[in-house]
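Work through the exercises below with the structure in view. Try each task before reading its solution.

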Amino acid sequence: MKILMVCLGNICRSPLAEGILKKKAMDAGLSWTVESAGTNGYHTGEPPHPLSQKVALLNNIDISLQRSQTFNADDFDKFDKIYAMAEDVILSMKMISGKKYNAAKVDLLLNELYPGKNIDVSDPWYGEEPGYHEVFETIEAACEKIINNYSVSPICK
């Protein structure tokens, strides 16, 4: 299973999602590939936001070695499932991907917790540290659901 987590800049939400799901998959003995990317490209090559790193480390997940990468159309060839953190991210993915866009591979992360509700993971970028803790908890719950749902029955075979 190859999963991509996508947000705008790939420095706040999606690095947390990558780190959380990687750890959960490893703890479950799953050999999944989990990566993250951003659609805006503004932070390419940068490490995750310091507060994302801090909150992850407080939860025994080290994301400090991650570096932001830009989402591109070829990601549809590389990944089985692509989770967007928000609907505006999906719109950007569609624009970037053009004809390669594959709606069957894309979903909002929180649809794992709230099927069909199309709820965004809030963006903590402009807020204080408590917002990063809240985002961590939200993403952690969604990633737990992914492990429960797909560790036995993969998304793609």
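**Exercise 1. Find the largest pocket and describe its lining.**

Step 1. The largest pocket holds about 170 Å³ of space. A pocket here is an open set of points on a 1 Å grid over the protein atoms alone, where a 1.4 Å probe fits, with protein on both sides within 12 Å along at least five of seven lines. The volume is the space filled by probe spheres set on the points.

Step 2. The lining has 13 residues, and Leu8, Gly9, Asn40, Asp123 and Trp125 are the closest to the pocket centre. Lining residues have an atom within 4 Å of a point.

Step 3. Sort the lining: seven residues are nonpolar, four polar and two charged. Gly counts as polar, Trp and Leu as nonpolar, Asp as charged.

A note on the source: this is a predicted model, where local features need pLDDT of at least 70, side-chain atom pairs count only at pLDDT 80 or more, and totals for chains, interfaces and linings use all residues. Residues are numbered from 1 along each chain, and side-chain values use heavy atoms, without hydrogens and water.

**Exercise 2. Trace the order of the strands in the sheet.**

Step 1. The sheet is open and parallel, with the order β2-β1-β3-β4. Strands are DSSP E runs of at least two residues, helices H or I runs of at least four. Pairing takes at least two bridges.

Step 2. β2 (33-38) and β4 (106-108) form the edges.

Step 3. Six bridges join β1 to β2, and Met5 stands opposite Ser36 in β2. The chain crosses between these strands through helix α1 (residues 13-27).

Step 4. β3 (residues 81-84) pairs with β4 over three bridges. Tyr83 stands opposite Asp107 in β4.

**Exercise 3. Which strands does helix α4 lie across?**

Helix α4 (residues 87-97) lies across β1 (2-7), β3 and β4. Contact means heavy atoms within 4.5 Å.

Technical notes
Axes fitted to C-alpha atoms, helices over the stretch in contact; angles between N-to-C directions. Right-handed = clockwise from strand over helix to strand, strands pointing away.
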